[in-house]
Amino acid sequence: MNSTNVSASCQEVQMKESDFFVSKTNLESHISYVNRDFCQMSGYQESELLGQTYDLVRHELVPHSIYNLMWEHLNAEEEFFGYIVNRNKNDSYYWAFLNVTPCYENNQLIGYFSVQREPSQQALQAIKPLYTKMCQVERQATAAQLLPLSSAVLWRVITKEYKNYAEFVLSL
Ligand SMILES: Cc1cc2nc3c(=O)[nH]c(=O)nc-3n(C[C@H](O)[C@H](O)[C@H](O)COP(=O)(O)O)c2cc1C
């Protein structure tokens, strides 16, 4: 597609340093809380987001294996850090640095809490080509091979210089 065909609504928008997008989900990943900043960026009313899943804002620039890794952390009741892209209601999109943590009440897991902050440009320079490669691998893989092959691309980068994913992602 050449640039004259790109609709203004598909443009990337940047988070600001002061932006702090907070949301919470129940255990079934249905959104139970969103702050005003999140609503403003997404273009959705709070009432349009509550009770929904993040499918509403899911963007195909993020590999499935990244969200799979996120769920591996959450299922082990560990927090997760990662770079994501979300699609807004008007089809614009933004990159964010995401932190998701398990939420407890009376020592019982009741859901998850997430904060999105402005990602550094330096981190995105490393992440964008990596995600492009992972998404390319996922598009070409069979359903059974999609996660292992895409994760292998990520682990090749991590094992070169880092001990684990957390060390990698927090070093960017
Ligand atoms: C607290 C929390 C926040 C999340 N935030 C987002 C988000 O902003 N965007 C998104 O696409 N997925 C988010 N997810 C992940 C989604 O629930 C879901 O796993 C993902 O969109 C599905 O990816 P898949 O298409 O690879 O299965 C979040 C999950 C949790 C628990």
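**Figure 1. The buried side of α5.** In this predicted model, helix α5 has Ser150, Ser151 and Leu154 among its residues, and these three are buried. If you wonder what lies over them, the cover on the buried residues of α5 includes α3 and α4, the latter formed by residues 121–140. An α-helix has 3.6 residues a turn, so residues three or four places apart point the same way. That is a handy rule to keep in mind while you look along a helix.

**Figure 2. The loop after α5.** Follow the chain past α5 (143–161) and you come to Asn164, which sits in the loop leading to α6 (165–171). Is Asn164 buried or exposed? Asn164 counts as exposed, because 10 C-beta neighbours lie inside 10 Å and a residue with 12 or fewer is classed that way. Ser65 is 99 residues away from Asn164 along the chain, and their C-alpha atoms are separated by 15 Å.

**Figure 3. Lys128 on helix α4.** Here we visit helix α4, the home of Lys128. This lysine has 14 C-beta neighbours inside 10 Å, so Lys128 counts as partly exposed. From Lys128 to Phe81 the C-alpha distance is 16 Å, with their positions 47 residues apart in sequence.

**Figure 4. The hairpin of β3 and β4.** Phe81 leads us on to the strands, where Asn99 of β4 stands opposite Phe81. Strand β4 covers residues 93–105 and pairs with β3 in the antiparallel sense, over 8 bridges. How many residues come between the two strands of this hairpin? There are 5, and in this hairpin Asp91 takes a positive phi near 80 degrees.

**Figure 5. The hairpin of β4 and β5.** On we go to β5, which runs antiparallel to β4 and is joined to it by 9 bridges. One facing pair to look for is Leu98 and Gln116, the latter in β5. The hairpin formed by β4 and β5 has 2 residues between the strands, and Asn106 in the turn has a positive phi of about 50 degrees.

**Figure 6. Around the ligand.** Which residues are closest to the ligand? They are Tyr54, His64, Tyr67, Tyr112 and Ser114, from a shell of 14 residues that surround the ligand. Two or more residues of this shell come from each of β1 (21–26), α3 (64–75), β3 (80–87) and β5 (108–117). By type, the shell holds 6 nonpolar residues, 7 polar ones and 1 charged one.

**Figure 7. The N-terminal end, with the chain behind it.** Residues 1–6 have a pLDDT under 50 throughout, and the model gives them 1 contact beyond four places in sequence. Where pLDDT is low, the predicted coordinates should not be read in detail. For the protein chain, by contrast, the average pLDDT is 94, and 95% of the residues score at least 70.

Stepping back, you can count 6 helices and 5 strands in the protein chain. Their order from the N terminus is β-β-α-α-α-β-β-β-α-α-α. The chain is as compact as a globular protein of 172 residues, because its radius of gyration of 16 Å is close to the 16 Å from the globule rule. Its C-alpha trace spans about 50 × 40 × 35 Å along the principal axes, and 22% of the 172 residues count as buried. Of the contacts with a separation of 6 or more, 50% link residues 24 or more positions apart.

Methods
Residues are numbered from 1 along each chain as its sequence is written. This is a predicted model: local features need pLDDT of at least 70, side-chain atom pairs count only at pLDDT 80 or more; totals for chains, interfaces and linings use all residues. A residue is near a molecule or strand if its C-beta atom, placed from the backbone, lies within 6 Å of it. Helices (H or I, at least four residues) and strands (E, at least two) are DSSP runs, numbered from the N terminus. Ala, Val, Leu, Ile, Met, Phe, Trp, Tyr, Cys and Pro count as nonpolar, Asp, Glu, Lys and Arg as charged, and the others, Gly among them, as polar. pLDDT is the predictor's confidence in each residue, from 0 to 100. Two residues are in contact if their C-beta atoms, placed from the backbone, lie within 7 Å. The radius of gyration is taken over C-alpha atoms; the globule rule is 2.2 Å times the number of residues to the power 0.38. A residue is buried if 20 or more other C-beta atoms lie within 10 Å of its own, exposed if 12 or fewer, and partly exposed in between; C-beta atoms are placed from the backbone. Two strands pair if DSSP finds at least two bridges between them.
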